[in-house]
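Please open the model in your viewer and keep the sequence panel beside it. This tour goes from one selection to the next and says what can be found at each stop.

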Amino acid sequence: MAAPATPLAPTARGVRNVAFVEGVRTPFGKAGDKGMYAGTRADDLVVNAIRELLRRHPELPPERVDEVAIAATTQTGDQGLTIGRTAALLAGLPKSVPGFAIDRMCAGAMTAVTTAASGIGFGAYDIAIAGGVEHMGRHPMGEGVDPNPRIIADKLVDPTALVMGQTAENLHDRFPAITKQRTDAYAARSQERYAEAVKTGKIGPELVPVATRSAELGWGLATEDEPPRPGTTVEQLANLKTPFRPFGRITAGNAAGLNDGATASILADEETARELGLPVAMRLVGYSFAGVEPEVMGIGPVPATEKLFKRTGLSIDDIGLFEINEAFAVQVLAFLDHFGIDDEDPRVNQWGGAIACGHPLASSGVRLMTQLARQFAERPDVRYGMTTMCIGIGMGGTVIWENPAFEGAK
Amino acid sequence: MTFTAEAAKAAFPDEVVTHAKTRLIKVPGLTKKVALITLDNGHDHTRPNTFGPQGLVSLNAALDEAFAAEPAAIAVTGKPFIFAVGADLSGVEAVSDPELAREIAQTGHDVFRRLTESSIPTFGFVNGAVMGGGLELALSCHYRTLSENTAAIAFPEVFLGLFPGWGGTQLLPNLIGADAAVTVIIENALAQNKMLTVKQTAELGIVDAVFGSADYLEQSLLWLARVVNGEIKPERREIDRGSAWDAAIARAKSIVDGRTHGASPGATKAVELLELARENDLDRGYAAETDGLAELLMSDVLRAGLYSFNLVNKRAKRPAGAPDKSLARKVNKVGIVGAGLMASQLALLFVRRLKVPVVLTDVDQERVDKGVGSVHAEIDKLLAKKRLSPDAANRLKALVTGSLDKAAFSDADFVIEAVFEELGVKQQVFAELEQHVKPEAILATNTSSLSITAMASKLQHPERVVGFHFFNPVAVLPLLEIVRGEQTDDASLATAFSVGKQLKKSSVLVKDASAFVVNRLLLRFLGEVLVTVDEGTPFDVADKALEPLGLPMTPLTLMQLVGPAIALHVGETLHESFPDRFTVSENLAKFVKAGKKGVWIWDARGNASADPEVVELWTQGDRPSTSEQVRDRALSAIAEEIRIMLDEGVVAEAQDIDLCLILGAGWPFWNGGITPYLDRSGVSERVNGKPFLAPGVASVPAS
C-alpha cells in the first residue's frame with residue numbers, strides 16, 4: 001500500500017488518518033542548581049508524563065502501544081540509554097512495548113510525533129506515545145559536543161551558528177525592520193498572555209505534578225511552571241543586558257530561558273482511536289522540515305511552512321490558530337513579517353509562549369501541539385491550526401493539524 | 001516532650017541525626033497548603049533513617065512548624081527508598097542511665113502522638129523501608145500510603161528481645177485487629193524476623209493505598225487531597241474486642257511459650273501490652289509501653305539482643321582474622337567428590353550462587369547419575385515454585401555434570417570433598433585429587449570434626465587445603481566454619497572466604513581443632529546431659545532442664561535430628577582429643593548399635609514419651625539429678641569449654657562463639673548466643689573466675 005504521490009489535496013491525506021489524542025507535560029523548571037528540578041532526574045520527568053497519559057486513558061490497554069518515541073538533545077546519562085525504551089520500562093508499560101530515542105535538537109518532540117505519526121499513517125503502528133525531555137540543568141546545551149574541525153576549516157557554517165543567541169542576533173541583522181523595541185514588546189505580551197491563560201485555567205489541566213527533592217528543603221511538588229515572570233514590562237526589558245553582543249538586541253527577557261521539563265502525547269490511527277474510545281483532539285494534515293543557513297536558524301519556520309503549504313495545497317489564510325515556539329522573539333517576528341501577520345495577532349500564541357513558560361529543548365514540540373489541541377476544542381470555528389518551530393543547526397519544522405470539532409466557519 | 005535540643009545531643013553525641021524538614025507545598029485540589037515533612041539523615045539508602053534523641057527533637061520542631069502553618073494536611077515521608085527503620089540501636093546501647101531510658105521511651109510517644117491527636121488530617125507516606133519506630137510513626141498518622149517497591153516492612157522488636165514501644169502494641173491491634181497484630185508483632189518477629197510483603201501489608205489494612213514507585217509521592221499527595229476533600233473515605237475495619245481478641249492473645253502466648261519458653265522478657269511484655277490494647281486507651285497503653293520500655297532498656301537481656309544484632313549485621317560481614325580479600329583467587333569451576341546427599345546439596349548451593357560449572361564424581365556411574373539427577377530434580381522443584389525462570393533452570397542444569405574420572409577436575413579452581421568421615425579415606429581422596437588438579441586449586445573438606453592439618457599432611461601442596469564446614473540443611477543455615485590448617489596459606493584462605501561470601505554464608509575463621517566450634521560445644525553440652533541420664537536422671541527431667549534458655553530444640557531432639565550415629569562419631573573424635581571432658585556414653589553406643597534413631601516417640605496427639613525399647617537398653621545408675629542440677633552442670637560444662645576454646649585460640653573472641661551458635665545452631669538471638677547468658681547468670685564467674693565479655697558489650701554499661 002502506498003500513499004498517492006504529491007501534491008496532496010487538503011482532504012487527501014495518507015493511507016490512514018493520524019489522531020493526536022492528548023498531550024501532557026510536566027511543569028517546566030529553571031535549569032541550574034537553584035531550579036526546582038535540580039534534584040530530579042530527566043528520565044523521571046518523562047516517565048511521569050507517560051504515566052499520566054496512561055492514567056488519563058484507562059480505555060487504552062497499555063499493551064496496545066506499538067511504539068514509544070522520546071526525544072532528547074543530549075542523549076547521555078539520564079537522557080541516554082535509548083530513552084524511549086527505558087522510559088517505557090520505567091513507566092510500567094509492558095516489556096513487549098518497544099521504544100526509541102530521537103534527536104532533532106529543539107524539534108525533538110515534534111520529530112518524535114511526525115515520525116511516529118508516519119508509522120501510524122503507513123500502517124506500521126496503531127498507537128504510539130511520542131514526547132521529549134530536556135533537563136538543561138543536568139545537560140547544558142553543548143555538553144560533550146565535538147564539532148568536526150572541517151565545519152570551521154571548510155567554512156561550512158559561520159562560527160556563530162552553534163551559539164543560539166548569536167544566531168538570533170544574526171537574524172536581527174538580516175531583518176533590520178525587527179527592532180529590539182518590537183521584540184521586547186512581543187516578549188512582554190507573551191508573559192501577559194501566559195499569565196492570563198494560567199489565571200483562566202487554560203494552562204494547567206495538561207500539567208502533571210512532579211515530586212521534587214532538595215537536600216536542604218526535603219521533598220516538594222512541582223505543580224506550576226517556574227520560569228514565567230508575570231508583570232514584566234517593556235521598560236524593564238529594555239534595561240536587560242545583551243550577553244551575545246555589546247549593544248546587541250537579544251536579552252534574557254526576549255528569549256526563552258534554559259529549562260528542564262518533559263512532554264508526552266498519545267497518537268493513534270483514527271479508526272483505532274474510535275474502536276478504543278480514545279478522543280481525537282487533532283487530525284494530522286501534514287508536516288515538513290526544511291534546512292536554512294545554520295547561522296540564522298531562527299528563519300527555519302518560514303521555508304518549512306512554505307514547503308508544507310506546497311505539499312498540502314493549503315495557504316496561510318487557511319490557518320486559524322498558530323502555536324509557534326518562542327526560542328527568540330525575533331524569530332517569531334521574522335515568521336509573522338514573512339506571512340504578513342500582525343505582531344499582536346490573536347491567532348498566534350494566544351496563551352503566551354516559551355518566552356514565558358520556558359523551552360526545554362527537545363520537549364517543546366509536544367507542548368505546542370498540546371496547547372493547539374486544547375484550543376481546537378474551544379474553537380469549532382477553526383478548521384486548521386499550525387505548530388511550528390525553529391531548530392538549532394539551521395532548520396525549521398511545521399506541522400498542520402485539522403480540528404475534528406470543526407463545525408464550519410462562522 | 002521532655003528533651004531539649006541540648007539534652008538530646010548530650011544524651012547521644014554520636015547520633016547520626018535523621019533531620020525532619022517541613023516544607024509547605026501546593027497540591028492540586030486544595031486551597032490551603034500541605035505541610036510535607038521529609039525525614040532524611042543526609043546519607044544514601046545504605047544508612048537508613050533512624051530515630052535517636054536528636055532525631056525526635058528535630059521531628060518535634062518540624063511538627064511545630066507544620067502546625068503553626070495551619071495547613072490542609074500534614075504528611076510525613078522519607079528519603080529515597082527509606083521511610084524510617086526505627087530507633088537508633090547504637091544509641092540504645094550507649095544508654096546507662098535509667099532516667100534517660102525513660103525519657104527516650106516517653107519522648108517517642110509524645111512526638112508521634114501529636115500526629116495521632118492532630119485535628120488537622122495527618123498522613124504517613126511510607127515511601128520505602130519501614131520498621132519498628134518508623135512503622136509506629138506511620139501508624140501514628142491518620143492515614144497511610146505505601147510505595148509498591150518497599151522492601152522491608154516489619155516490627156523486628158520482639159526478634160531483638162524488645163517490643164514495639166512507641167505506640168506499636170496499642171495502635172496496630174486497634175487498626176487491623178488483634179490476631180493480625182499478633183502475626184506482625186509476635187509471630188513474624190519470632191520467625192527469624194520475617195518481613196511483610198507490600199501485598200500483605202495492604203491486605204492486613206496497615207496502609208490505606210499502595211502506589212507505584214515511579215510517581216509514588218505525586219500520587220500520594222493527590223490521594224491526600226481527595227481524602228481531605230472527602231472524596232475518598234479510607235475504610236477502617238471493625239475490631240472484635242471480645243472472643244477474637246481472647247483467641248489472638250492465646251495464640252500469641254502459645255507462640256511466645258513455644259519459641260522462648262518465657263526466657264525473653266520483650267516477647268512476654270509484648271503479649272501483655274497487646275492484651276492491654278483491647279481497651280483502646282492510648283493514655284494507659286502508652287504509659288504501660290513507656291514503663292515497660294524504660295525497664296527493658298535497662299536490662300541485660302535486651303542488651304544481649306542488641307549484641308546479637310551487631311554480631312549478625314556487622315561482625316558476620318567482616319570475619320575476624322580473614323586475610324585481605326584481594327588475595328582471593330577466582331573460582332570458575334567447582335569439583336565435588338562424592339555424589340551422595342551432602343554432595344548433592346553442596347552442588348546445588350555452589351551452582352546456584354557461583355553459576356559456574358560444577359562436576360560431581362563418585363566411585364560408580366550409578367551413584368554419579370543419581371547425584372546429578374538429584375541436583376537436576378532440585379532445580380526443577382525451584383522452577384516449579386517459580387523461584388527460577390526456565391532459562392535460569394536450563395543454565396544451572398547445564399552447569400551440573402558428573403564424571404567417573406577425576407581428570408574432569410583438571411581445570412577446577414575449587415574442589416570440595418564430602419566422602420566418608422574417616423581420616424584415611426579423606427587423605428586418600430586428596431592424594432588422588434592432587435594427581436589431576438592444578439597446583440593452586442583449593443582442596444576443601446566438609447569434615448565436621450577431623451583435623452585439616454592431618455588431612456593435608458601428605459600432599460605436595462598442603463597450603464591449599466581448607467576446612468569448609470557447612471551446617472545441615474546446607475541451603476538454610478547461614479553459618480560456614482572456615483578452618484585454617486597449620487600449612488594453609490593466606491591466598492587459599494582468602495579464596496575460601498570469598499567463596500563463602502558468594503555462597504551468601506556468614507563465615508567464621510576457626511583454628512584446626514577437633515569438631516571446630518558448634519559441634520564441639522553442642523557435643524559437650526549433649527554429653528553432659530547424657531551423663532546425667534546415665535547416672536539415673538529420667539529422660540524427660542534431663543531433656544527439659546534447659547528449657548529456660550529458649551533453645552530451638554531440646555538436646556535429645558537435636559541428637560535425633562543430627563542422627564545418633566553422627567553424634568556418636570563426633571563424640572568419639574572429641575573423646576580422642578579431650579578424653580577428660582568428652583566422655584562417650586556406652587548407652588549411646590548401644591543405642592546406635594540397636595539402630596535407634598531417637599529417644600522420644602510421639603503418639604497421635606503429639607505427646608512425647610520415651611521409647612520403651614530405649615528405656616530398656618539404657619542402663620541407668622541410681623544417682624538422679626534434679627533439673628536444676630542438670631542445667632547447672634550443662635551450663636558449667638559449656639562455660640568451661642568456651643573458656644578453653646578461647647584460650648586455645650579456636651576463634652578470635654567470645655563474640656565468634658556466639659555468632660556461631662546463633663547462625664549455626666539457631667540459638668536465640670535475644671539471648672545473645674550463650675556467653676551473655678553465662679555472664680549474666682554468674683556461671684562464667686563461678687566456673688572460670690571471670691566473665692567472657694566486658695561490661696557494656698552485651699549488658700548495660702556502667703553509668
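**First stop: a covered helix in chain A**

Begin by selecting helix H10 of chain A, and then display its surroundings: what covers the buried residues of H10(A) includes helix H5 (164-174), helix H6 (180-199), helix H9 (301-312), E10, helix H11 (354-357) and E11 of chain A. Bear in mind at every stop that this is a predicted model.

The helix itself spans residues 329-339 and is mostly covered, with eight of its eleven residues buried. Which residues of H10(A) are buried? Colour A:Ala329, A:Val330, A:Gln331, A:Val332, A:Leu333, A:Ala334, A:Phe335 and A:Leu336, and you have the buried residues of H10(A) marked. Then step just past the end of the helix to A:Gly340, which takes a positive phi of about 70 degrees.

**Second stop: strand E11 of chain A and its partners**

Next select residues 384-391 of chain A, which make up strand E11, a mostly covered strand in which eight of eight residues are buried. In a regular strand the side chains alternate between the two faces of the sheet. Here one side of E11(A) carries A:Tyr384, A:Met386, A:Thr388 and A:Cys390, while the other carries A:Gly385, A:Thr387, A:Met389 and A:Ile391, and both of these faces are covered.

Which way do the neighbouring strands run, parallel or antiparallel to E11(A)? Add strand E10 of chain A (residues 319-324), and you will see a parallel pairing with E11(A) that is made by five bridges; to find a place to start, look at A:Leu321, whose bridge partner in E11(A) is A:Gly385. Then add strand E12 of chain A (residues 395-402), which runs antiparallel to E11(A) and is joined to it by eight bridges, with A:Thr387 having A:Val399 as its bridge partner in E12(A). E11(A) and E12(A) form a hairpin with three residues between the strands, and in this hairpin A:Ile393 takes a positive phi near 65 degrees.

**Third stop: two crossing helices in chain A**

Hide the strands and select helix H3 (residues 108-122) together with helix H12 (residues 364-378), both of chain A, whose axes come within 5 Å and cross at roughly 70 degrees. Angles from 65 to 115 degrees count as roughly perpendicular, and H3(A) and H12(A) are therefore described as roughly perpendicular to each other.

To see where they meet, show the side chains of A:Gly108, A:Ala109, A:Met110 and A:Val113 in H3(A), and those of A:Ser364, A:Gly365, A:Val366 and A:Met369 in H12(A). Sorted by class, this contact has five nonpolar, three polar and no charged residues.

**Fourth stop: where the chains touch**

Now show both chains and look at the contact between them, which takes 17 residues from chain B and 15 residues from chain A. On the side of chain B, strand E1 (19-25), strand E2 (34-40) and helix H10 (216-228) each supply at least two residues, and the largest share, four residues, comes from H10(B). The residues on this side of chain B divide into eight nonpolar, three polar and six charged.

**Fifth stop: two sheets in chain B**

Stay with chain B and follow its open sheet of six strands, which has mixed pairing and the order E1-E2-E3-E5-E7-E9. E1 and strand E9 (209-211) stand at the edges of this sheet with a single partner strand each, so one side of each is left without a neighbour in the sheet. Within the sheet, E2(B) and strand E3 of chain B (residues 73-77) pair in the parallel sense over five bridges, and B:Val34 stands opposite B:Ala73 in E3(B).

Then move to the open sheet of eight strands in chain B, where the order is E12-E11-E10-E13-E14-E15-E16-E17 and the pairing is again mixed. The twist averages 25 degrees from one strand to the next. Four bridges join strand E11 of chain B (residues 358-361) to E12(B), and these two run parallel; select B:Leu360 and you will find its bridge partner in E12(B), B:Gly402.

**Last stop: the domains of chain B**

Finally, colour chain B by its three domains, namely domain 1 (5-298), domain 2 (325-511) and domain 3 (518-649). How many residues of domain 1 are in contact with domain 3 of chain B? Four residues of domain 1 are in contact with four residues of domain 3, and the side belonging to domain 1 has one nonpolar, three polar and no charged residues.

Definitions and conventions:
Residues are numbered from 1 along each chain as its sequence is written. Chains are lettered from A and ligands numbered from 1 in the order in which they are written. This is a predicted model: local features need pLDDT of at least 70, side-chain atom pairs count only at pLDDT 80 or more; totals for chains, interfaces and linings use all residues. Domain bounds come from an automatic or database domain assignment. Two residues are in contact if their C-beta atoms, placed from the backbone, lie within 7 Å. Ala, Val, Leu, Ile, Met, Phe, Trp, Tyr, Cys and Pro count as nonpolar, Asp, Glu, Lys and Arg as charged, and the others, Gly among them, as polar. Axes are lines fitted to C-alpha atoms, for helices over the stretch in contact, and angles run from 0 to 180 degrees between N-to-C directions. Angles under 35 degrees count as roughly parallel, over 145 as roughly antiparallel, 65 to 115 as roughly perpendicular and the rest as oblique. A residue is buried if 20 or more other C-beta atoms lie within 10 Å of its own, exposed if 12 or fewer, and partly exposed in between; C-beta atoms are placed from the backbone. Two strands pair if DSSP finds at least two bridges between them.
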